[in-house]
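Trainee: I am new to this structure and would like a close look at a single part of it. Please start with one residue and work outwards from there.

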Amino acid sequence: MNRDNKGKFLKGSKPFFSEEHKSKISKGLEKAHKEKGYSKREKNPNWKGGKFKDVHGYFWVRVEDNHPYAYRGYVREHRRIIENSIGRYLKPEEVVHHIDGNKINNILENLKLLESESAHHREHFLEKTGFYKRFTDKKLLKK
Ligand SMILES: [Zn+2]
């Protein structure tokens, strides 16, 4: 292909992508973005390519399309980290607790899997009353 010294296409030389091809590409992208909701997310100031913070201060991360409990293709990051660690999807009733109380401190060592919201409440109660002892229920680790 002929370009001038500034990299511009020279008059008369044939561009690599025809106009028809270009419009097909942009239509395809538009369609893909609409289907995946990308256009909305890109307008969100918290959009950082696959990760964002919600109004409650939790991080969400993009997951595979066939994730059974994803919300619009996203799950909360602390849940995802546990999922990656134990090799299975968390059930909706299971709760991931932040040991240090900081909901954006999503390192594995700060996360604890609990079987239900009531177990989670018990956890907070035990922490408050000083009977807190870190444990992970072994039966929850089964696939
Ligand atoms: Zn908690």
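Mentor: Start with Leu90, which touches Arg79, Ile82 and Glu83, leaving aside residues up to four places away in sequence. The model is a predicted one. Leu90 lies in the loop between H3 and E4. Is Leu90 buried or exposed, or something in between? Leu90 counts as partly exposed because it has 19 C-beta neighbours inside 10 Å, and a residue needs 20 or more to be called buried. Tyr69 is 21 residues away from Leu90 along the chain, yet their C-alpha atoms are separated by 8.2 Å.

The contacts of Leu90 lead back to helix H3, which covers residues 77–86. Just after H3 comes Gly87, with a positive phi of about 75°. Within the helix, the buried residues are Glu77, His78, Arg79, Arg80 and Ile82. Two of the residues that Leu90 touches, Arg79 and Ile82, are therefore on the buried list of H3, where a residue is buried if 20 or more other C-beta atoms lie within 10 Å of its own. What do the buried residues of H3 pack against? They pack against E2, E3, E4 and E5.

Take E2 and E3 first. They belong to an open sheet of three strands, ordered E1-E2-E3, with antiparallel pairing. The edges of the sheet are E1 (51–53) and E3 (74–76), each of which pairs on one side only. On average, neighbouring strands here are turned by 30° against each other, direction ignored. H3 packs on this sheet, touching E2 and E3, and its direction makes about 90° with that of E3.

Strand E2 spans residues 59–62 and is joined to E1 over three bridges in the antiparallel sense. E1 and E2 form a hairpin with five residues between them, and Gly57 in the turn has a positive phi of about 90°. On the other pairing, E2 and E3 are also antiparallel, over three bridges. Val61 of E2 appears in both pairings: Val61 is the bridge partner of Lys51, and Val61 stands opposite Val75 in E3.

Now turn to E4 and E5. Strand E4 (residues 95–98) runs antiparallel to E5, and four bridges join them. One of these pairs sets His98 against Leu111 in E5. Strand E5 covers residues 111–114; Leu111 and Leu113 point one way from it, Lys112 and Leu114 point the other way, and all are buried.

Which residues make up the largest nonpolar core? There are six: Ile82, Val95, Val96, Leu111, Leu113 and Leu114. E4 and E5 are the elements that give two or more residues to this core, and E5 gives the most, with three. Ile82 is a residue to note here, as Leu90 touches it and it is part of the core.

Leu111 ties several of these parts together. Not counting residues up to four places away in sequence, Leu111 touches His78, Ile81, Ile82, Val96, His98 and Asn106. Among them, His78 and Ile82 are buried residues of H3, while Val96 is another member of the core. The path from Leu90 thus passes through Ile82 and reaches Leu111 in E5.

Methods. Residues numbered from 1 in each chain as written. Predicted model: local features only at pLDDT ≥ 70, side-chain atom pairs only at ≥ 80, totals over all residues. Pairing = 2+ DSSP bridges. Axes fitted to C-alpha atoms, helices over the stretch in contact; angles between N-to-C directions. Contact = placed C-beta atoms within 7 Å. Buried ≥ 20, exposed ≤ 12 C-beta atoms within 10 Å, placed from the backbone. Core = buried A, V, L, I, M, F, W, Y, C linked by C-beta atoms within 7 Å.
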